[in-house]
Amino acid sequence: MEFKYDLSIVVPIYNEAENIERLYNVLHDVLSRMDYTYEIILIDDGSGDDSYKKLEILHNEVNDLKVIKLRKNFGQTPAMVAGIDISQGEIIITLDADLQNDPHDIPKLLDNIKDGYDIVSGWRKNRKDKMLLRKIPSKIANRLISKITGVHLHDYGCTLKAYRACILKQVKLYGELHRFIPAVASLVGVRIKEVPVNHHPREFGESKYGISRTFRVILDLILVNYLLRYMHKPIHFFGKLGIIAFIISFISALVTLWMKFYDDFDITGNPFFMIAILFMIAGVQAIFTGVLAEMISRIYYEGLNKSIYSIDQILSKDDLRENINYQS
């Protein structure tokens, strides 16, 4: 895998018009002082404000900026994937556009990458967010995610992370799995380190996250747990469910027969008879679902070239035709 730059900075943007110029200036100031070649990739995820206009103006004024405009608001994960796909840096750094992540922490992440780690994740040890709506749910979610995935981090939700591109480009992301990248990347074997980073209060714009995100995180966690444990062998997951259902059905059938012959209890009015039938059907369905999942898994590994985003326009002074994936 050949790389044109040492670093690629990938930043999804959604309705952050007031922060764009400040974000670029801070990034440029930090990166220009380092002994690395770099590119800055800003992805407009279907913003409804003047974000793209600001990006166009900025792109015409500077030389180290690439701008991607998505056709609509796909979400943070697809926007991030779009930036990752066109990136040409050996190390990819992601962060939020609201300047709550501090670009001055980038050198700290890179020092740890140089020490041999594949992923260096930021830890907002002193978060500048509301306690009830953000901090407490985040702590609970991080402990739960760490427990289930086996990848122990204090702060999965921190977007500020550094990745080796050869690792990150192997990770297939869908839905809202960007926060689970360290866990999903563990499938290919990675060295992960977490380092404390700065966190600033938002000065402009509005937060895109609310308490409703907690429910989405729970659903995504169920998916990640499945991917980590059963992606290569889905029949084992569904097969277990099927076997459990068959056992329950068998026990219920024995209870039904015992009640029929020893208590003269009518089978047609016996609830255990209905349980036996229902769990027998459930067991058969689970087994067949496992077989179908195995077939779908095989198709997945054959590599369908399907993208989760759709690009409307790219502004870049480089030729990116081999990197981009236009999809209507």
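**Reading a loop, a sheet and two cores**

Reader: Leu99 sits in the loop that runs between S4 and H4. What is its phi like, positive or negative?

Author: Keep in mind that this is a predicted model. As a general idea, most residues other than glycine have a negative phi. Leu99 is not a glycine, yet its phi is positive, at about 65°.

Reader: And is Leu99 buried or exposed?

Author: Buried counts as under 20% relative accessible area. Leu99 comes in at 12%, so Leu99 counts as buried.

Reader: Which other residue that is not a glycine has a positive phi?

Author: Try Asn15, with a phi of about 55°. Asn15 is in the loop between S1 and helix H1 (17-32). Asn15 has a relative accessible area of 25%, so Asn15 is called partly exposed.

Reader: On to the sheet. In what order do its strands come?

Author: The general idea first: strands of a sheet pair through backbone hydrogen bonds, either parallel or antiparallel. Here 8 strands make an open sheet, ordered S7-S5-S6-S4-S1-S2-S3-S8, with mixed pairing. Strand S7 (192-196) and strand S8 (311-315) are at the edges; each has a single partner strand, so one side of each has no neighbour in the sheet. On average, neighbouring strands of this sheet are turned by 20° against each other, direction ignored.

Reader: How do S1 and strand S4 (residues 89-94) run, and how many bridges join them?

Author: They run parallel, joined by 5 bridges. Leu7 is opposite Ile91 in S4.

Reader: What does Ser8 touch?

Author: Ser8 belongs to strand S1 (residues 5-13). Beyond its neighbours within four places in sequence, Ser8 has contacts that include Glu39, Ser87, Gln88 and Ile92. The relative accessible area of Ser8 is 0%, so Ser8 is buried.

Reader: Which helix lies across S1 and S4?

Author: Helix H4 (residues 106-114) does, and H4 also lies across strand S5 (119-123), strand S6 (161-164) and S7, at about 150° to S7.

Reader: Last one. Which residues have the most contacts inside the largest nonpolar core?

Author: Ile43, Ile68, Leu70 and Phe180, in a core of 38 residues. Elements that each supply at least two residues of this core include strand S2 (38-44), strand S3 (65-70), helix H8 (213-230) and S8. H3 gives the largest share, 6 residues. Another core, of 37 residues, lies apart from it, and Leu99 is among its members, as are Tyr24, Met34 and Ile93.

Conventions:
Residues numbered from 1 in each chain as written. Predicted model: local features only at pLDDT ≥ 70, side-chain atom pairs only at ≥ 80, totals over all residues. Heavy atoms only, no water. Helix = DSSP H or I, 4+ residues; strand = E, 2+ residues; numbered from the N terminus. Buried < 20%, exposed > 50% of the residue type's maximum accessible area, 1.4 Å probe, protein only. Contact = heavy atoms within 4.5 Å. Pairing = 2+ DSSP bridges. Axes fitted to C-alpha atoms, helices over the stretch in contact; angles between N-to-C directions. Core = buried A, V, L, I, M, F, W, Y, C linked by side-chain atoms within 4.5 Å.
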